[in-house]
Structures are given as C-alpha cells and as structure tokens.
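Subject: A structure for you to explore

Hi there,

Here is the structure I promised to pass on. Please open it beside this email and follow along as you read.

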Amino acid sequence: MSCSDQSGLDAEFSTFGRPGGPTVRPVHDEFHGDLLEVSMGPQHPSTHGVFRMVVTLDGEQIVKLKPVFGYLHRNHEKIAEGTSYLASMPYTDRLDYLCSMSTNWAYALAVEKLSGQAVPDRAQYLRIIMAELTRLVNHSCLVGFLFNDLGTSFTPLLYAFREREKILDLFEALSGSRMMCNYQRFGGCRVDPTPEWLAAASALVDNFPRFLDEYETMLTGNEIMLARTQGVGRLDPQHAINAGLTGPVLRASGVDYDIRKVDGTGFYPRFDFRVPLGAHGDTYDRYMMRILEMRESVKILQQAFKALPAGPIMDPKAKLRGFRPKAGEAYGRLESPKGELGFYLISDGSPNPWRYRVRPPSLINLTLLEEMCLGHTIADSVVILGSIDIVLGEVDR
Amino acid sequence: MNLETLPLQFRDWIVSLFPGALQWFVHHLLSITAILTFFGLFFAFTTIAERKLLARLQNRLGPNRSGLPWFRRLKLWGLTQPFADAIKAITKEDVVPAVADKVLHFLAPVVIVAFSLLGFAVLPFGRHLIPVELDAAILYFFAAGTATELAIFMAGWGSRNKYSLLAAMRALAQLISYELPLILSVVPVILVVGTLSTSEIALAQGGWTWGIIPHWHVFTPWGFAGFVIFLVAALAESNRSPFDLPEAESELIAGHLTEYSGFKYALFFMAEYFGLTALSGLGVTLFLGGWQAPFAFLEFIPSWLWFMTKLAGMIVFFIWIRGTLLRLRIDQLTRLAWKFLVPLALLNLGNAAFWTLTAGWTGPLVLVRWGVSAAIVIVPFLLLGRRLSAGYAPRTYRYAA
Amino acid sequence: MLGSGILKGLGVTAKNFVGSYHDPKRMVTEEYPDTPAKLPEAYRNFPFLVTENATDPMGTLRCVACQICEKECPPQCIYIEKSKDKKPDATGKPQLYPAVFAIDTAVCMSCQLCVEVCPFDAIKMDQVFAVAATNRFEGLLLNREQLAKPNEYFHQIRPTEAAEVDGRLTAERKAAEEKAKAAAAAKAAAPAKPAAPAATPAPKPAEGGTAS
C-alpha cells in the first residue's frame, strides 16, 4: 500500500471549477472495455483528513480501490528515538488527535510495563474516566461525520458536536487544552480534578443518554438511512480476524474481542459493562456499535464517579526527569475508541527509546477497505470509509 | 380603501396614465415587472430564510452580521445578506473553458432562469390577481417547467467535458423520472374540478363546512395522497435534498455545473429556487385552496396575503426537510419514482374518479364514500411501502456473554 | 409504516428549532468577539517568565538559567544563555540569571512540560491566544523582555495555582531562613565544627501537579 503515483499514463483531464474535484482518466482494459479511474482526494469535500482513494469504476460499480496515504506522515516514531520518554508524551496527543487521553494512556501503559512502574488506585480510576469520556467524544465525531457523508446538511453533525463540546470544555478545565491534553504520566495522572469538575462531569454523563435517545429517534429508524447503510460494506468476520482488525469494526462483524475484557487493562474488570456485537458487519452495524458503546461508556462512567477513591494521583516513586528504564522491551495495548492501540518500546537503558513503534488501529482497519467497497458505488465508498473511523494522524503518524 | 383590490386599483391607475394604444402593452409590462421584482426579492429572502432556518435547526445563529454599507452599527439581523451575496456573485471572474461551445455555455443559465420564470404567469396570487388567464394553464405550466431540463442538458453538453455531460445525463434521468409522478399527482385535481384553469381550481376550493373546515383538496383522501406525491416530486424536480445527488459533494464528478463560476452559477441556483417557488405556488393553488382563507371568519384578510402565507409555509416545510433528511442514492431515487410513486399516483387517479362519480351521495353514504376513498389511499401505500422497504429494518443487538 | 422514521426525525429537528430560541443548552453559539471567550483557569497557551517585582522585571526574574526546560522541551523551542555574573535572588542568595531567554512560539506546542520540570516556578503558562503577527521572527520569537510578566499577572490569570505557588515558596524561604539561623546559631555555638551547607531548595521530582 505504498504512495505510488500515476506513472506511465496519459495526460489527465482535470476538472476546472470546484477545488477538490477529482481527477479522472479513462483506462483501457482489454477485458472490461472502458474503465474509469478516479482519484478521490487528498483534499476531499467529505473530509476525514488527507487521504486519497484511487478508485477504478466499471460504470457505477467499483472494481478496484487503492487507498493512498502518507500525506500526514510526521516522523513521529523517528523523532521519539531522539527525545526522552516524557517528551514523547505530547507528541502522542497528536497521533489520534480526537482521542488524546486514551493515546496518552496507551503510551504510559507501555512505559510503565517497561519500567515496572506502579500506578495508584485513584489514578487508575481517573484514567478509566478519561478514556471513557474520550470514547464518547470519538464516537460522537464518528456518527456526526458518518451522517455528513450520507448527505444530511450538517444537522446530525452539529447535534453530535454540541455534546462533544461539553466534554471538551471539561477537558479544557482539567488539563488546559481541549484536544492536546498531555494528561497521563508514567506512574499516574498529571492533574487532580476538583470536586466541582467531578460534579460537572457526573452531571454531563447523566444527561448524555437523553442526547443519544434524541439522536436515535431522529436517525436510527430513518428509512433513507436504513436503505443507504444496511447491506453496504459487509465485512466477513474471518477476513476481519485474518487482517488483524480490531475495535467496533471487528465487533460489528460478530467477533467478540474487546481488549478491556480480554486483557483487563487497568481497573476495567471492576466495572460492570457489556460488549455489543453485530451480526451482519455492514455500515449500519458499525454505526450501531458506536451508539451502543456510548451507552455502555455512560454506565462505566457512572460507576467510576461513584467509586473514585481518594488518594495520590502519582506514584511517589515515579521520576519525572532523568527517567531511564532498564534495557528490555514492552508492548502496552488498550481498547482505544478506534480499536487496539498499542505501543511497542525497546529500551537500551538510555533516556531515549531505542525503538518506538505505534500500532495504529486506523491503519490496520483500513487494509480491508477495498474488500468492503467492491461492488458498491462511489457514494457508498465514502460512507464505508466513514464507518471504519480513521484519523489520518494515526494512520500516517 | 379595500386592501383586497389595492394591487388592481394601483395597476389600473398607472395604466390610465398612458394613451389608449399603449395601455395593453403597459398593463402586461406591469404584470411582468411586478412578478420579476416581487419574486426576485422573494428569492433573495428565501436564501436568507433558508440559511437562518437551517441554522436554528442546527442550534446555531445563521448569518447575522451583514448590515448596511455605511451604517456599520446596524446589523439588521443579517437580512441584507442576499444583497451582499449578489454583489459577490456579480463581481466574480467569469471563467469559460476554451474548448466550450460558447453559445450553449452562455445560453444555458439564461434559458433555465427564463423558463423557470414562465411558470409564474399562470398562478392565481389573489382573487383577481392572475397575470395571464389561460384555459389550459396547467398544461402551459408543465410545458414551461419541463423546458428547464433542456437547459441542464445544454449546460452539460456545452461544457465540452465528458464527465460533466455524464453528470448532466444523470441529473436529467432524475428529472425525467419525477416528471411522471408530478403530473400524475395533478391530474386527479383536474378530473375533479373539470378544468385546466388555475384560477377556476382556486375558486372551486371555496366554501367551508361549519365555517371552520375548508373545502381544500388536501382535506380529501385523494387530495392528501396527491399532495404528498406532489411534494416528493417537487423536491426531486428542484434537485433539493433528499434528492440533491447531482449537486452532491461526494459524487463522482462535481456535476453539470462544473464549468460555471460567478454569476452564471448564481443563475442556476436562482433557477432552482424559482422552480421550487413556482411548484410550491402550483401546489398551493391545486391542493391548499390557493388564495382561499382557511376559516370563514378570517376572510377579511386579503386573498393575496393568504396565498403568500401558504407559499411561505411550503417553502419553510421544504427547508425543514432539507435540514433533516439524508440523500438518496441514484438507484434508490429512481426506484422510488417508478415503483412507488407512479403506481400510487395512478391509483390516486382512480380514486379521484370514484370521488367524482359519487359526488351525489348524501347521508350515511357520505361516510362510505370517505371510507372507500381512504382505503384506496392507505392500502396500496402500506403494501407498496412494505415491498419497497423489504429487508431494511432497525435491528436488535446481542451482547457478548 | 414507511415514513414513520422520517416523521420522527422531522419532530426532533422541530424540537431543536423551537428550543434554540429559549433553551441555552440548545443554542450554544457564542458570538465571539462580541462576547469575550470564557477561558477556564487551567487553559494554557504559551509560556511566560514570572518576575517578583513589576517595577524591575529583569532584575527579579525567578529564572536562574538552569536550562532544564530547554533540555526537556520536546520541539526544542527554548534558547537560553546563562549570564556571566550572579545577582541576588528573592532570598538574597546570588544566582545566575538568563542573559538570553527566547521562546519561538511558532514552534512551541503548548505541552506545558517546561512548567512541570522547572524547579524554581519561574516559567508558567500564559493564556493569551490572540497573538497573530505579521513577521515570524519579530512577532513570534519572544525574548526575555517580552516573556517577563509580574507575579500579580500570574495571580490574575491563575488564582489557585498562583496562591499555591506563593504559599509553597514562602514556606520554603521561611524554612531556608530558619535553617540558616539554626546553622548560624550552631556555628556561633561550635566554631570548631565546619558550618553546615546552606540549604538550597531541592528540585521537586514527580509532583502531582496543582489542582486547577
């Protein structure tokens, strides 16, 4: 899946007028007659970031799809080899920029595994609270943008974003920044929330199901939405497992694999929540997975606010500066809102990691895009891409 | 001073200022000027109303900062936004592709606006306020409206861009598919009233039962079905959501309007709004009683005000639909037209025929009449609806153990 | 029934339309810049240097040019040059001071690591965000004079944090004074014994951070 360019083909007919208009070029194939090769992106009107799909069409049907990415590659992993472990933490905010709290946690998890660092109880609960709030944020974004791709003129997007703004305001009051939170540290959390913050967060979480109910009333039974998403982009569970997909995309195909349950990350085993599973693996199932997961997140949050113990938020033995883990390797993984987010670190005893690798769930989930889109029209391909939930910061790092 | 006849008195006064030979000419020139000015301004305010209504629907404020040129403090709630947009559209550079067919490329926006405006000539805006009294008004209306589709093809062909031609053909497929339900939904009205003249159809919807239930066609079973089909078809004819696939951003090509910029682009959208307004006006005339008041005690309000209110109500409804619904895919769109709307419209025709034949029934037979008519509407709707939405249903989900 | 989902959707949008006129939870738009932005206390943008005394900013910077923030800054946007001479700080002890302290705010990513690692509470995060400039190096590369802001300003923008910092610093200075007095007393009492080294405030590792 390299970023190869259109080499060896004739001059293109570019469209004048609107920017972001796709470049089209007829492709002559001896078996199929005239196939049309369209390059959608990297500037899309239907966003998702700088991502390009080179789609070959036979009439309306897609016969071949090649995703091209790398437009947002920022050398994150190489930069991490040259900076200290702590200094990489703000960079992890910018990987999956919608879910900075859980990305921070995954990185902190890997480093704590590497150095054998303990984490106090209150910090564990806070981490779960932040991760589940992030899940609410991310899934709101996803359902909003999915409906935007489907053609509503921004209405469901703005409703979802209205709720997301309230959570982002909470993050700003706590960590100083809405999205680039830089909140987790090795051995705990950076800032202790005040009782006012906890009360406001608790009230918001209690109100959240009402927004979900309104959203579902508006959209889940909508006949046009059902016709556009059911049966579109089916994903076979065996293929999904073989390709290493994780997250709601995998669970929509019916595979029961949630790292919160499998690994028991942090204090998740203390919470009572269910994992929803789909049956058909189409776009509708992937959308409903997110809605149901949001409801489960609300349950987890309500339990967490009740059970949050008092105590320190950082382990007293944790060192901020001069952190040198012993030589070794560690892989720390989490159920981020997009899937299995993992950090693989190899340390050689120095203050900087010898190798730093991110397992980006968006990228791995994207590998089956072609299979999901074959046989559908180009309007469907945009919807399928939206339902996989990619963030280019994570795909390209 | 009678508010009801004020426009007519004004027109007669101006005509009387001119010598006899020119009077006919001035009379019609006034009608044309009045329609152009009034509906030009109506278009401007439809755009701002759309933006502000959509905004409120989406929990935000719409444009509210464009005040007046020299009095910066006065924001006027953003109501002068359309004039600002017009100035912007006029001053933009007009890019014409070098290989394009210059004549067709230039004529397409002109033709589409001209033919969309022609439809306004036969709408009865008030009791005696109809610009041209035609016996075959509805026929003329649809002839003029269908000619706008020609302009879309001119735009696609004249651009000399293979892909904008393909997109124009697809837009045309949508428009032609929905002409049929549009016209078929109107035929029952013609059948029942017995005339093609719009002013007589508006007159025929007068009268109230017990002073509060108007005799509008929409309050009869066949009229209600016809009105709903008309609404759906009108949305599709004006390329509005949920049928705005030709203008969609996620579609293959930017559409038949690719090669247009500046004022010509604005003209296409003006034509779309004029078409929508004209169709709404026709819908009001045929189904919502035209200029008739809804209740007997409200008859003192001038008839043209009623017409405008109903017209504005329909436009607000269309904007509401736009803010809520998703876009249909092209195959779903055409399937909806041919397999759902056309059969229902044909059955509606039979329903209207039954209604006309049983016009003489009185007493308890009136209930039978209404019941049978309602059944002819509801039963096929449920059957066809079930077939159309087969396989699509909300699902329940299981949870991992 | 076909169409019931659509009708329910229309109902929800109508409810939002009506609600946008009277319910502040629905109409969440704030007309900036007519209404000022409401920032929470914890909001951080670019760093600034704290000075004890507004009348003599360069002379009362808390910064002692230890260069820890320069080392820890991930994008390396801080540039410090130590001075050659020493000046007395708030406790009277002679300390180095930064002859040059520049932050390239075009590079700074507002991560706040410099604030966390500073042992002297000398650099804190500011909240000014309207910093558009026409020239990158004259407008966005801030030098020592532009970065220095008084402690009163710190109290204004972050009252809780500033109060906690002040409390801690006063306590430390008091402890240092007591220790110096005790050491002087011990020295006076036992002149043969070598004097205990003056207590310096130890750098604070792995702080839990301030509650804000």
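Which residues does Leu301(A) touch, not counting residues up to four places away in sequence? They are Ile129(A), Glu132(A), Leu133(A), Leu136(A) and Val205(A). Before you go looking for them, please keep in mind that this is a predicted model. Its overall scores are ipTM 0.85 and pTM 0.86.

**Some buried spots in chain A**

Let's stay with Leu301(A) for a moment. You will find Leu301(A) in helix α11, residues 283-307 of chain A. Its relative accessibility is 0%, so Leu301(A) counts as buried. Pro209(A) is 92 residues away from Leu301(A) in sequence, and the two C-alpha atoms are 12 Å apart in space.

Next, look at the loop between α11 and β8 (328-336) of chain A, where Ile313(A) is found. Ile313(A) has a relative accessible area of 5% and is therefore buried. Along the chain, Ile313(A) and Arg190(A) are 123 residues apart, yet 7.4 Å separates their C-alpha atoms.

Then move on to Asp396(A), which sits in helix α15, residues 392-396 of chain A. Is Asp396(A) buried or exposed? It counts as buried, because its relative accessibility is 4%. Leaving out residues up to four places away in sequence, Asp396(A) touches Phe69(A), Gly70(A), Tyr71(A), Leu72(A) and His73(A). You can also compare positions with His76(A): Asp396(A) is 320 residues from His76(A) in sequence, while the C-alpha to C-alpha distance is 9.1 Å.

**Two helix pairs in chain B**

Two packed helices are described by the angle between their axes and the distance between the axes. Chain B gives you two pairs to practise on, and helix α9 takes part in both.

The first pair is α5(B), residues 137-158, and α9(B), residues 263-287. Their axes come within 12 Å and cross at roughly 160 degrees. Angles over 145 degrees count as roughly antiparallel, and so α5(B) and α9(B) are roughly antiparallel to each other. Their crossing is left-handed. On the α5(B) side, the contact is made by Ile138(B), Phe141(B), Phe142(B) and Ala155(B); on the α9(B) side, by Phe268(B), Ala278(B), Leu279(B), Leu282(B) and Leu286(B). Sorted by class, this contact has 9 nonpolar, no polar and no charged residues.

The second pair is α8(B), residues 221-237, with α9(B); here the axes come within 10 Å and cross at roughly 175 degrees. These helices, α8(B) and α9(B), are therefore roughly antiparallel to each other too. From α8(B), the contact uses Gly223(B), Gly226(B), Phe227(B), Phe230(B), Ala234(B) and Glu237(B), and from α9(B) it uses Leu276(B), Leu279(B), Leu282(B), Gly283(B) and Phe287(B). By class, that makes 7 nonpolar, 3 polar and 1 charged residues.

While you are in chain B, have a look at Thr220(B), in the loop between β2 (213-214) and α8. Thr220(B) is buried because its relative accessible area is 11%. Apart from neighbours within four places in sequence, Thr220(B) is in contact with Trp355(B) and Trp370(B).

**Chain C and its confidence**

Chain C has 7 helices and 8 strands. Of its 212 residues, 39% are buried. Among the contacts in chain C between residues at least 6 apart in sequence, 68% join residues at least 24 apart.

How confident is the predictor about chain C? The mean pLDDT is 83, and 88% of the residues reach 70 or more. Confidence is highest in strand β6 (residues 123-125), at a mean of 93, and lowest in strand β3 (residues 87-88), at 80. Please take care over residues 198-212 of chain C, where pLDDT stays under 50; the model has 27 contacts there beyond four places in sequence.

**Backbone details to look up**

Most residues other than glycine have a negative phi, and most peptide bonds are trans. Here are three places to check against that:

- Asp389(A) has a positive phi, near 70 degrees. It is in the loop between α14 (378-388) and α15 of chain A, and it counts as buried at 6% relative accessibility.
- Asp121(C) has a positive phi of about 50 degrees. It is in the loop between α3 (113-117) and β6 of chain C, and it is buried, with a relative accessible area of 6%.
- Tyr32(C) and Pro33(C) are joined by a cis peptide bond, with omega about 0 degrees. Pro33(C) is in the loop between α1 (4-22) and β1 (47-51) of chain C.

Enjoy exploring!

Technical notes: Residues are numbered from 1 along each chain as its sequence is written. Chains are lettered from A and ligands numbered from 1 in the order in which they are written. This is a predicted model: local features need pLDDT of at least 70, side-chain atom pairs count only at pLDDT 80 or more; totals for chains, interfaces and linings use all residues. Side-chain values use heavy atoms; hydrogens and water are left out. Axes are lines fitted to C-alpha atoms, for helices over the stretch in contact, and angles run from 0 to 180 degrees between N-to-C directions. Helices (H or I, at least four residues) and strands (E, at least two) are DSSP runs, numbered from the N terminus. Angles under 35 degrees count as roughly parallel, over 145 as roughly antiparallel, 65 to 115 as roughly perpendicular and the rest as oblique. A crossing is left-handed if the near helix is turned anticlockwise from the far one by less than a right angle, and right-handed if clockwise. Contact means heavy atoms within 4.5 Å. Ala, Val, Leu, Ile, Met, Phe, Trp, Tyr, Cys and Pro count as nonpolar, Asp, Glu, Lys and Arg as charged, and the others, Gly among them, as polar. Buried means under 20% relative accessible area, exposed over 50%, partly exposed in between (1.4 Å probe, protein chains only). pLDDT is the predictor's confidence in each residue, from 0 to 100.
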